[in-house]
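Okay, thanks for making time, everyone. Let me put the structure up, and then I'll talk you through it.

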2 protein chains.
Amino acid sequence: MQPLETWAGPRRAALETFLAELFMDAWPEVFGEMARYPLTTGGKRIRPLLCLAAHEAVAGTWEPAIRPAAAIEMVHCYSLVHDDMPCMDDDSVRRGLPTTHVKYGDDMALLVGDALLTEAFRLLSRPWGDATMQLHLVRELSTAAGYHGMIGGQAADLGALGDITDVETLTRLHRGKTGALIRCAVRMGAITARADGRVLDGLTRYANHVGLAFQLADDVLDEEQDAGDDGPPSFVKLLGREETTRRAQALAVDAEEALGELEAPILRQLARFSVERTI
Amino acid sequence: MQPLETWAGPRRAALETFLAELFMDAWPEVFGEMARYPLTTGGKRIRPLLCLAAHEAVAGTWEPAIRPAAAIEMVHCYSLVHDDMPCMDDDSVRRGLPTTHVKYGDDMALLVGDALLTEAFRLLSRPWGDATMQLHLVRELSTAAGYHGMIGGQAADLGALGDITDVETLTRLHRGKTGALIRCAVRMGAITARADGRVLDGLTRYANHVGLAFQLADDVLDEEQDAGDDGPPSFVKLLGREETTRRAQALAVDAEEALGELEAPILRQLARFSVERTI
């Protein structure tokens, strides 16, 4: 079987090139540099790789999905820029570098986040493919990024529901906050590949399981770093470490099963990767 | 001739109803209330009225343009929520009410702004009309709201270009910061009405003139309130009050001329309204 990193190499390189060429015609020119900063300073690019892998599982090629893959990464990056700001998490370092607001000021960071979100939709709407498919992608991304998805989860995480003390509510929070973009990444790859309804349903269930497995793994990893009772609610706090790990492993199995007969070795590896982080 | 306010009444009422029904299915529910707050607390609704008037000038009806009209107002409201935040203009009152961040906190205000922007694109992408036309609207709105338009102008206004000392640069700033959404409002109304290229070009020139006339009028009004040398660059500072007023009047004439043979009494009134504010 092809190692995940061998598969990811050329795809990640193409994505990096695509992202680095955005905002080159900005006015003021210096604002283009500011907007490229969070886009081009790393990360594992999990969401765009999921998008490309889903397209590849359906169509056998990945190149046609580079545009939705870039759009989903832009939305992820915008959410990080805004999340890092002093009025949110107040983080000054990300991936070993100053966060956008530390480097360029809070006002410019706010605009950079706004610009990354806006440009993701412009990217999907420029002349490129079939209008019906492109409009479907806009609908998927705006639903996943908005109050039905990521923003709803963030609002719950900021305390809009008060303290969260049950697994069902915490699961719903994370299906929005982190799960929605992961599901959207996989669905956009499949939609660009013109997957039929049955395949799209299977991939959607796969993505739901993977998204939650990633979050459970994150909670276990975070617990190792910080055993305190403060901070946001977590599955480890509600379920304990052992049960959280067990559920993550079960979700990875569910994810693989959701793929059914689909020949998708990379998606299967990505599902296992999501829980190997926990053990 | 029908007075502007008689024309505007039922159209503004339909828009208010449309906006008040957004975010009703939000989770967390309280986040829906937060997002409706800046949307439903007033303003003159100039941009959506321009959108409806442009549609009416082309097609004789305004109802089919209510959706793009609402989308442009959502983008305008998001920009106000973010602009009012402490890291930007730090305004605590708007239209006699506490600004969103004063009422709900800076973190929620940031998310509310993000949600209004995202939802504008979801509104345009939901099943509603012809996919090619809808995708065109997404492209228009994302271009006008992004770094080619409003955000580019805001970045210049925040000092990305250093001090602005010439009329050409200030004009370019305002063609982005305030002009882009006004142009987009008119164009979206015309595109929804399937205006042909010649009519769309005329309406675009009309909107460019009106947008700049509005800004010149604003600068004259602001100068009356505050004669100081501090604050942002303005046309009055660079040109003087008399020349700024003269140019605004000339732009209103240009705007009417750009309409050519188009029977558009409301658009003509709106052009005159834009400069009557200066004299």
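I'll go from one chain, to one helix, to the way the chains meet.

Just so we're clear, this is a predicted model.

Let's take chain A. What does the fold hold in terms of helices and strands? You get 13 helices and 2 strands in chain A. On overall size, the C-alpha trace of chain A spans about 50 × 45 × 35 Å along its principal axes. Now the radius of gyration: for 279 residues you'd expect a compact globule to come in near 19 Å, and chain A has 18 Å, so that agrees. As for burial, 54% of the 279 residues in chain A count as buried. And if you look at contacts in chain A with a separation of 6 or more, 68% of them are between residues 24 or more positions apart.

Okay, one helix to zoom in on: α12 of chain A, residues 241-258. It has 18 residues, and at 1.5 Å a residue that should give a span of 26 Å; the end C-alpha atoms are 26 Å apart, so the helix agrees with that expectation. Which residues of α12(A) are buried? Those are T244(A), T245(A), A248(A), L251(A), A252(A), A255(A) and A258(A). Look down the axis of α12(A) and the buried residues fall within an arc of 145°, so they line one face of the helix. Then, just after α12(A), you come to G260(A), with a positive phi of about 60°.

Right, on to the two chains together. To superpose chain B on chain A, you rotate by 180° with 0.0 Å of shift along the axis, and the RMSD is 0.0 Å. That's the relation of a two-fold axis.

So how many residues are in contact across the chains? It's 43 residues of chain B with 43 residues of chain A. On the chain B side, the elements giving two or more residues are α2 (29-39), α6 (106-125), α7 (131-145) and α8 (150-160). The largest share comes from α6(B), with 13 residues. By class, that side of chain B has 26 nonpolar, 10 polar and 7 charged residues.

And why do I say the copies meet through the same surface? Because 100% of the interface residues of chain B are also interface residues in chain A.

That's it from me; over to you for discussion.

Key
Residues are numbered from 1 along each chain as its sequence is written. Chains are lettered from A and ligands numbered from 1 in the order in which they are written. This is a predicted model: local features need pLDDT of at least 70, side-chain atom pairs count only at pLDDT 80 or more; totals for chains, interfaces and linings use all residues. Copies are superposed by least squares on the C-alpha atoms of residues with pLDDT of at least 70 in both. Two residues are in contact if their C-beta atoms, placed from the backbone, lie within 7 Å. Helices (H or I, at least four residues) and strands (E, at least two) are DSSP runs, numbered from the N terminus. The radius of gyration is taken over C-alpha atoms; the globule rule is 2.2 Å times the number of residues to the power 0.38. A residue is buried if 20 or more other C-beta atoms lie within 10 Å of its own, exposed if 12 or fewer, and partly exposed in between; C-beta atoms are placed from the backbone. Ala, Val, Leu, Ile, Met, Phe, Trp, Tyr, Cys and Pro count as nonpolar, Asp, Glu, Lys and Arg as charged, and the others, Gly among them, as polar. The expected span of a helix is 1.5 Å times one less than its number of residues. The arc is that of the directions from the helix axis to the C-beta atoms.
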